[in-house]
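Grab a pencil and work through these exercises with the model open beside you. Try each task yourself before reading its solution.

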Amino acid sequence: MGGTLLIKNIPELVTCSGFEAKAGPAMADLGIILNGAVFIEDGIINAVGTTDQLCKEKNAFTGKTIDATGKAVLPGFVDPHTHLVFAGYRPEEFARRLKGDSYLNILGRGGGILSTVQATRKASSERLVHTALERLDVFLSQGVTTVEGKSGYGLDLTTEIKQLAVMKTLNERHPVDIVPTFLGAHAVPEKYRGKTDDYVAYVADTVLPTVAEGNLAEFCDVFCEKNVFSVAQSRQLLEKARAVGLKIKLHADEMSTLGGAELAASLKAVSADHLLRASDQGIQQMARAGVVAVLLPLTAFCLREPYARARHIIDQGCPVALATDLNPGSAFTSSIPLVIALATLYMDMSTEETVTALTLNAAAAVGRAKQIGSIDVGKKADLMLLSFPSYRFLPYYTGANSVQMVIKKGYIAYHNRGKGEEDAC
Ligand code: NIG
Ligand code: FE
């Protein structure tokens with residue numbers, strides 16, 4: 001190991017400094033250091049300050065140095081909600097939705113998630129690894145250094161375990177870190193049609209304990225939705241998950257106001273995700289319980305549903321994170337630039353809140369705010385250089401990738417050499 005790296009002359013060093021989720025006005029505080037510098041040792045951030053300070057402190061340093069003149073530096077983005085391990089695609093479903101069919105009706109007819117389940121059961125682990133590695137490359141090129149990944153396209157013991165084992169392999173083979181989540185209750189498989197309680201019992205008694213014993217997941221998630229898993233069924237599974245040592249998150253109040261936000265608050269879940277139709281009361285309870293609201297604008301956009309009420313959720317004091325929800329159905333996209341565009345232009349989030357939502361708060365949504373999500377001494381050296389001198393270019397260069405270089409654990413993991421010559425001033 002033993003690598004050192006000094007990054008200096010950073011016009012805007014956006015530290016996002018903090019070790020827990022930020023709520024309310026704190027979300028707009030990016031901890032910016034002008035003419036900043038960062039010193040990295042053994043993959044960990046060792047010193048942060050102005051270029052003058054650090055150059056004085058490290059005056060004997062002759063190792064690798066990056067001159068970041070003209071390039072803002074930010075923490076690596078964290079994507080806290082993805083379904084990146086899957087086989088098969090569903091373009092015909094997208095076409096049907098364009099004609100007015102609904103996401104839940106397609107699922108109810110045995111399509112949607114269930115068609116991806118068929119394809120994922122048939123796919124070899126090697127195939128799943130190969131396609132997910134390509135998806136991770138796309139994430140990395142957009143500045144993402146950690147992603148959460150869910151199972152949920154197996155809905156049986158063998159395939160759920162296969163998906164989680166694939167994530168373990170990805171962690172070994174790709175610089176982007178993956179936080180694995182068990183989502184056995186993503187849909188009711190054909191075999192259990194009309195017998196949801198039996199399926200919940202199967203997941204709780206057979207699949208969950210095997211996942212926990214094999215140390216295959218950090219989180220358990222449930223698709224708590226009308227005609228999928230009820231609040232009571234979701235509670236039953238999540239309580240069991242907690243009992244076997246998993247942390248909790250859930251797909252909540254996406255298509256209907258079911259009480260998912262209230263459930264997340266009462267279970268003190270780490271996050272509740274989607275929340276397009278969360279009630280005022282549910283949001284208040286989440287704020288009180290410190291549950292991170294993970295908002296997924298790409299899903300609302302692709303399903304032509306109303307966006308989650310980001311402004312209201314932030315004003316109520318709930319920490320907000322943003323994620324892509326990359327999956328082959330409701331949002332076949334991993335575009336961080338589009339997340340940023342929608343959050344700022346359509347969800348009334350400030351650029352500063354959007355940056356916090358993709359860094360520190362996203363890290364908190366995967367239980368890692370103490371290790372990643374900001375440029376603070378002692379954290380993993382996961383950061384990015386933009387092609388521009390300010391984070392303000394992120395929404396302004398609309399829908400396009402502003403990332404020029406990504407440093408992962410102190411090493412250059414991505415470098416777009418073709419860009420960055422722009423004279424942005
Ligand atoms: O977060 N809503 C449930 N799960 C995913 C979609 C999964 C799929 O359609 O394959 C979501 O939107
Ligand atoms: Fe999802």
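Before starting, one cut-off: a residue is called buried when its relative accessible area is under 20%, and exposed when that value is over 50%. Keep in mind, too, that this is a predicted model.

**Exercise 1. The metal site**

Task: Find which residues coordinate the iron ion (ligand 2), and say whether H251 and D325 are buried or exposed.

Solution:
- Step 1. Start at the ion. The iron ion (ligand 2) is held by H81, H83 and H251, each through NE2, and by D325 through OD, at 2.1 to 2.4 Å.
- Step 2. Now read the donors along the chain. Their spacing is H-x1-H-x167-H-x73-D.
- Step 3. Look at one pair that brings distant parts of the chain together: H251 sits in strand β10, while D325 sits in the loop between β13 and α13 (336-346), 74 residues apart.
- Step 4. Apply the cut-off. H251 is buried, and D325 is buried as well.

**Exercise 2. Laying out the sheet**

Task: Work out in what order the eight strands of the open sheet are arranged, and which strands stand at the edges.

Solution:
- Step 1. Walk across the sheet. The order is β6-β7-β8-β9-β10-β11-β12-β13, and the pairing is parallel.
- Step 2. Check the ends. β6 (77-79) and β13 (320-322) each have a single partner strand, so one side of each lacks a neighbour in the sheet.
- Step 3. Check the twist. Ignoring direction, neighbouring strands of this sheet are turned by 25 degrees against each other on average.
- Step 4. Test one pairing. β11 (residues 271-274) and β12 (residues 292-295) run parallel and are joined by three bridges. Within this pair, D273 has V294 of β12 as its bridge partner.
- Step 5. Add a helix. α5 (residues 125-141) packs on the sheet and touches β6, β7 (144-150) and β8, and its direction makes about 140 degrees with that of β7.

**Exercise 3. A strand covered on both faces**

Task: Decide how many residues of strand β9 (residues 219-224) are buried, then find what β9 pairs with.

Solution:
- Step 1. Recall a general point: side chains in a regular strand alternate between the two faces of the sheet.
- Step 2. Count. Six of the six residues in β9 are buried.
- Step 3. Sort them by face. One side has F219, D221 and F223, the other has C220, V222 and C224, and both faces are covered.
- Step 4. Go to one neighbour. β8 (residues 177-185) runs parallel to β9, with three bridges between them. Here T181 stands opposite F219.
- Step 5. Go to the other neighbour. Four bridges join β9 to β10 (residues 247-252), again running parallel, and C220 stands opposite I248.

**Exercise 4. Following the crossovers**

Task: Trace which helices connect β8 to β9 and β9 to β10, then describe how α7 and α8 pack.

Solution:
- Step 1. From β8, go over α7 (residues 196-213) to β9: these three make a right-handed β-α-β unit.
- Step 2. From β9, go over α8 (residues 231-243) to β10: that is a right-handed β-α-β unit too.
- Step 3. Place α8 on the strands. α8 lies across β8, β9 and β10, at about 175 degrees to β9.
- Step 4. Compare the two helices. α7 and α8 pack at about 10 degrees, and their axes are 10 Å apart. An angle under 35 degrees counts as roughly parallel, so α7 is roughly parallel to α8.
- Step 5. List some contact residues. Among them are V200, V203 and L208 of α7 and Q233, L237 and K240 of α8.

**Exercise 5. Three loop residues**

Task: For L155, N215 and G329, say where each lies and whether each is buried or exposed.

Solution:
- Step 1. L155 is in the loop between β7 and α6 (157-173). Its relative accessibility is 2%, so L155 counts as buried.
- Step 2. N215 is in the loop between α7 and β9. At 63% relative accessibility, N215 counts as exposed.
- Step 3. Check the backbone. Phi is near 55 degrees in L155 and near 55 degrees in N215; each is a positive value in a residue other than glycine.
- Step 4. G329 is in the loop between β13 and α13. With a relative accessible area of 7%, G329 is buried.
- Step 5. Look around G329. Leaving out residues up to four places away in sequence, G329 touches R90, E93 and R97.

Methods: Residues are numbered from 1 along each chain as its sequence is written. Chains are lettered from A and ligands numbered from 1 in the order in which they are written. This is a predicted model: local features need pLDDT of at least 70, side-chain atom pairs count only at pLDDT 80 or more; totals for chains, interfaces and linings use all residues. Side-chain values use heavy atoms; hydrogens and water are left out. Buried means under 20% relative accessible area, exposed over 50%, partly exposed in between (1.4 Å probe, protein chains only). Two strands pair if DSSP finds at least two bridges between them. A crossover is right-handed if, with the strands pointing away from the viewer, the path from the first strand over the helix to the second runs clockwise. Axes are lines fitted to C-alpha atoms, for helices over the stretch in contact, and angles run from 0 to 180 degrees between N-to-C directions. Contact means heavy atoms within 4.5 Å. Donors are N, O and S atoms within 2.8 Å of the metal (3.2 Å for Na, K and Ca); water is not among the atoms, so sites may look incomplete. Angles under 35 degrees count as roughly parallel, over 145 as roughly antiparallel, 65 to 115 as roughly perpendicular and the rest as oblique.
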